[in-house]
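This briefing is meant for a reader who is meeting the structure for the first time. Please look over the sequence and the model shown below, and then follow the points topic by topic.

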Amino acid sequence: MDIGDYRLNHVTQQLSWQGHVEELSHREAELLRMLAGHINDVVESHDILLALWGDNTLFNGRSLQVFITRLRHRLERDPRLRIVNVRSIGYKLIIA
């Protein structure tokens with residue numbers, strides 16, 4: 001799956017960019033796949049938490065925030081990509 005200048009292989013959990021390959025955790029790969037499947041659309045936190053953590057407790061909500069921060073850092077080489085927080089709803093992967 002192409003995401004801007006990146007290529008995500010969610011099966012091998014690898015994110016590549018110009019020949020550089022990074023290993024993602026299972027949750028990072030699945031979270032990025034969910035966001036990339038809805039480019040420029042909001043993916044609700046509730047849906048992400050149920051799909052990847054199995055419930056939407058406060059603790060898991062905090063974990064989701066950490067994973068979003070990690071993905072933001074991984075995608076920072078392409079300035080056209082942004083993961084934005086849609087307050088009280090979820091997250092959106094924007095490709096400008």
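**Strands, sheets and helices**

Strand β1 and strand β2 (residues 6-9) are paired in the antiparallel sense, and two bridges join them. The model is a predicted one, and the points below take up one sheet, then another, and then the helices.

**The sheet of four strands**

- As general background, the strands of a sheet pair through backbone hydrogen bonds, and this pairing is either parallel or antiparallel.
- Here four strands form an open sheet whose order is β1-β2-β3-β4, and the pairing within this sheet is antiparallel.
- The edges are taken by β1 (2-3) and β4 (20-23), each of which has a single partner strand, so one side of each is left without a neighbour in the sheet.
- Within the pairing of β1 with β2, which runs over two bridges, the bridge partner of Asp2 is Arg7 in β2.
- Helix α1 packs on this sheet, where α1 touches β1, β2 and β3 (14-17), and the direction of α1 makes about 120° with that of β2.

**The sheet of three strands**

- An open sheet of three strands follows the order β5-β7-β6, and its pairing is antiparallel.
- The edge strands of this sheet are β5 (42-44) and β6 (81-86), each of which pairs on one side only.
- From one strand to the next, the twist of the sheet averages 25°.
- Strand β7 (residues 90-95) pairs with β6 in the antiparallel sense over six bridges, and Leu81 stands opposite Ile95 in β7.
- Helix α1 (residues 26-36) lies across β5, β6 and β7, and runs at about 70° to β7.
- Helix α3 lies across β6 and β7, and its course is at about 160° to β6.

**The contact of α2 with α3**

- In general, two packed helices are described by the angle between their axes and by the distance between the axes.
- For helix α2 (residues 45-52) and helix α3 (residues 58-74), the axes come within 10 Å and cross at roughly 100°, and α2 and α3 are therefore roughly perpendicular to each other.
- Which residues of α2 meet Asn60, Gly61 and Leu64 in α3? They are Ser45, Ile48 and Leu49.
- By character, the residues of this contact of α2 with α3 divide into three nonpolar and three polar, with no charged residue among them.

Technical notes:
Residues are numbered from 1 along each chain as its sequence is written. This is a predicted model: local features need pLDDT of at least 70, side-chain atom pairs count only at pLDDT 80 or more; totals for chains, interfaces and linings use all residues. Side-chain values use heavy atoms; hydrogens and water are left out. Axes are lines fitted to C-alpha atoms, for helices over the stretch in contact, and angles run from 0 to 180 degrees between N-to-C directions. Angles under 35 degrees count as roughly parallel, over 145 as roughly antiparallel, 65 to 115 as roughly perpendicular and the rest as oblique. Contact means heavy atoms within 4.5 Å. Ala, Val, Leu, Ile, Met, Phe, Trp, Tyr, Cys and Pro count as nonpolar, Asp, Glu, Lys and Arg as charged, and the others, Gly among them, as polar. Two strands pair if DSSP finds at least two bridges between them.
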